[in-house]
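Got the viewer open? Switch to a cartoon view and keep the selection box handy.

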Amino acid sequence: MQSYQVNAFQSPAEVIMFKNILLATDGSRLCNESVKAAIALAKSCGSTLVGLSVAGNLRALSIPEVSVGVDVARTDEAGRERAMASVEMITAMARKEGVPCTVQVAQGGRPYEEIMRVAEREHCDAIIMASKARSTLGRLLLGSQTQKLLAHSKVPVLVYR
């Protein structure tokens with residue numbers, strides 16, 4: 001885990017200079033708010049932004065007995081459409097603020113793994129993602145992609161709440 005010490009005469013942007021920031025979003029309201037914060041940080045650091053939305057892959061995770069009556073192909077397609085809308089929003093907002101930005105849509109059953117894969121491939125030196133507080137039971141049943149990313153990431157992860 002990396003830590004940063006701020007001198008009273010330095011602004012946070014002078015201390016932490018990320019060159020290439022990965023912004024992971026799922027298109028939720030909280031993630032949409034995190035886009036604004038990530039763009040502001042990238043602008044203040046003179047960074048490039050890599051927007052990423054990971055569309056779930058129900059086929060990779062489905063258990064035949066549980067998915068009875070679920071149209072897996074339709075569910076996966078709807079996820080891809082949401083992911084595309086999310087990255088299109090990032091592109092438009094970054095362009096408006098003059099922040100260099102590329103976007104990607106990935107598909108996978110474990111979003112945190114896709115996020116790490118893209119961060120490594122794109123040589124990102126930070127990851128930003130939103131996280132809503134979940135109950136202990138919710139974390140146990142659903143798992144937290146943010147927690148998994150924090151535990152496994154090789155680069156700093158900034159969590160927007």
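Here is a walk from the whole chain to the sheet, then the helices on it, then the packed interior.

**The whole chain.** Keep in mind that this is a predicted model. Colour by secondary structure and you'll find 7 helices and 5 strands. Going from the N terminus, the elements read α-β-α-β-α-α-β-α-β-α-α-β. The protein has 161 residues, and 34% of them count as buried. Switch on a surface if you like: about 9900 Å² is exposed, with carbon and sulfur atoms supplying 55% of that. The contacts reach far along the chain, too: of those with a separation of 6 or more, 74% are between residues 24 or more positions apart.

**The sheet.** Now select the strands. They make an open sheet of 5, ordered E3-E2-E1-E4-E5, with parallel pairing. Which strands stand at the edges? Pick 101-108 for E3 and 157-160 for E5: each has a single partner strand, so one side of each has no neighbour in the sheet. Look along the sheet to see the twist, which averages 25° from one strand to the next.

Next, zoom in on residues 20-25 (E1) and 126-130 (E4), which pair in the parallel sense over 4 bridges. Click Ala24 in that pair and look across to Met129 in E4, its bridge partner.

**Helices on the sheet.** Select 111-121. This is H5, lying across E1, E2 (48-56), E3 and E4, and it runs at about 150° to E2. Then add 145-152, helix H7, which packs on the sheet and touches E4 and E5. The direction of H7 makes about 165° with that of E4.

**The interior.** In soluble globular proteins, nonpolar side chains tend to be buried together. To see that here, show sticks for Leu22, Leu52, Ile115, Ile127 and Leu149, the residues with the most contacts inside the largest nonpolar core, which has 15 residues. E1, E2, H5 and E4 each supply at least two residues of this core. Which element gives the most to it? That's H5, with 4 residues.

Stay on Leu22 and see what it touches beyond residues up to four places away in sequence. Its contacts include Val50 and Leu52, then Ile115, Val118 and Ala119, and also Cys124, Ala126, Ile127 and Ile128.

For the last stop, select Phe18, Ala38, Ile39 and Ile90. These are among the 13 residues of a second, separate core.

Terms used: Residues are numbered from 1 along each chain as its sequence is written. This is a predicted model: local features need pLDDT of at least 70, side-chain atom pairs count only at pLDDT 80 or more; totals for chains, interfaces and linings use all residues. Side-chain values use heavy atoms; hydrogens and water are left out. Two strands pair if DSSP finds at least two bridges between them. Axes are lines fitted to C-alpha atoms, for helices over the stretch in contact, and angles run from 0 to 180 degrees between N-to-C directions. Contact means heavy atoms within 4.5 Å. Buried means under 20% relative accessible area, exposed over 50%, partly exposed in between (1.4 Å probe, protein chains only). Accessible areas come from the Shrake-Rupley method with a 1.4 Å probe; for residues, only the protein chains shown count as cover. A nonpolar core is a set of buried Ala, Val, Leu, Ile, Met, Phe, Trp, Tyr and Cys residues joined through side-chain atoms within 4.5 Å.
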